[in-house]
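Colleague: I should be grateful for a close look at a single part of this predicted model. Please take the loop that holds the cis peptide bond, and then set that part in the context of the chain around it.

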Amino acid sequence: YGNYWGQLYRSLDYGDTWTVVLCSDGYMFRDVAFLDSLIFISTSDSGVHRSVDYGITWSPSLNGATTNHSTSLAVAGNKLFAACNSEVYVTSDGGANWVNASTGLPSPYIITDLATNGQQVFATTPVGVYRTDDWGQSWQLFNIGLAGISFSSIAARDSNVLVGSFN
């Protein structure tokens, strides 16, 4: 799956050919995540959407969020996390129900990216990197020694955590 300003493309042959599976009305697709056989997309102005049929049809999934601007998705086990402006939401039932999991995150700063590593979930913001070890019930600042940096992206694997910055 890939996107380019308002269209979602799918390849069934490892990227040799691509087909448009969804067009938007002026919003951008920000992220794509697989959770078992479900596919989720985050969008710049239309929230999070879910497909139960491999991208043929889509329906809104993240009901109850305070914004329709979603920047990132991340999967940890049977849980899907969605960053929406300065909040994180989590679902453990395939997107049917979502819970706000933002305690400890800095408001009003936009969460720019999410990453998971086992039970740990990481979030980048313009003012720091945050980590939760309890599925989003509480977040702690995690960028000791990196003060004054605006973070844009993150990846984690084993004991390695990589962050990208705006500056």
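Modeller: Pro108 is located in the loop between strand E11 (99-100) and E12. The peptide bond that leads into this proline from Ser107 is cis, and its omega is near 15 degrees. As the model is a predicted one, this omega is a value of the prediction.

The two strands that flank the loop belong to two open sheets. On the side of E11, four strands are arranged in the order E8-E9-E10-E11, and their pairing is antiparallel. E11 is an edge strand there, as is strand E8 (70-76); each of these pairs on one side only. Within this sheet, strand E9 (residues 79-84) and strand E10 (residues 87-91) are joined in the antiparallel sense by five bridges. One residue of this pairing is Ala83, whose bridge partner in E10 is Val88.

On the side of E12, an open sheet runs in the order E12-E13-E14-E15, again a set of four strands with antiparallel pairing. Its edge strands are strand E12 (113-117) and strand E15 (140-141), each of which pairs on one side only. The loop of Pro108 therefore leads from one edge strand, E11, to another, E12. Inside this second sheet, strand E13 (residues 120-125) and strand E14 (residues 128-132) pair over five bridges in the antiparallel sense. Thr125 is placed opposite Gly128 in E14.

Beyond E14, the backbone has a further feature of note. Trp135 has a positive phi of about 60 degrees although it is not a glycine, and this residue is found in the loop between E14 and E15. Trp135 is partly exposed, its relative accessible area being 28%.

A second residue of this kind occurs further along the chain. Strand E16 (residues 151-157) and strand E17 (residues 160-165) pair in the antiparallel sense over six bridges, and Ala155 stands opposite Leu162 in E17. The two strands form a hairpin with two residues between them. Asp158 lies in the loop between E16 and E17, and its phi is positive, at about 55 degrees, although Asp158 is not a glycine. With a relative accessible area of 60%, Asp158 is exposed.

As for the chain as a whole, its secondary structure consists of zero helices and 17 strands. The radius of gyration is 16 Å, close to the 15 Å that the globule rule gives for 167 residues, so the chain is as compact as a globular protein of that length. Along the principal axes, the C-alpha atoms fill a box of roughly 45 × 30 × 30 Å. Buried residues make up 46% of the 167 residues. Of the contacts with a separation of 6 or more, 36% are between residues 24 or more positions apart.

The surface and the charges complete the account. The protein chain exposes about 8,500 Å², of which carbon and sulfur atoms supply 50%. The chain carries 6 positive and 13 negative charges, and the mean positions of the two sets are 4 Å apart.

Definitions and conventions: Residues are numbered from 1 along each chain as its sequence is written. This is a predicted model: local features need pLDDT of at least 70, side-chain atom pairs count only at pLDDT 80 or more; totals for chains, interfaces and linings use all residues. Side-chain values use heavy atoms; hydrogens and water are left out. The radius of gyration is taken over C-alpha atoms; the globule rule is 2.2 Å times the number of residues to the power 0.38. Buried means under 20% relative accessible area, exposed over 50%, partly exposed in between (1.4 Å probe, protein chains only). Contact means heavy atoms within 4.5 Å. Accessible areas come from the Shrake-Rupley method with a 1.4 Å probe; for residues, only the protein chains shown count as cover. Lys and Arg count as positive and Asp and Glu as negative; His and the chain ends are not counted. The place of a charge is taken as NZ of Lys, CZ of Arg, CG of Asp or CD of Glu. Two strands pair if DSSP finds at least two bridges between them.
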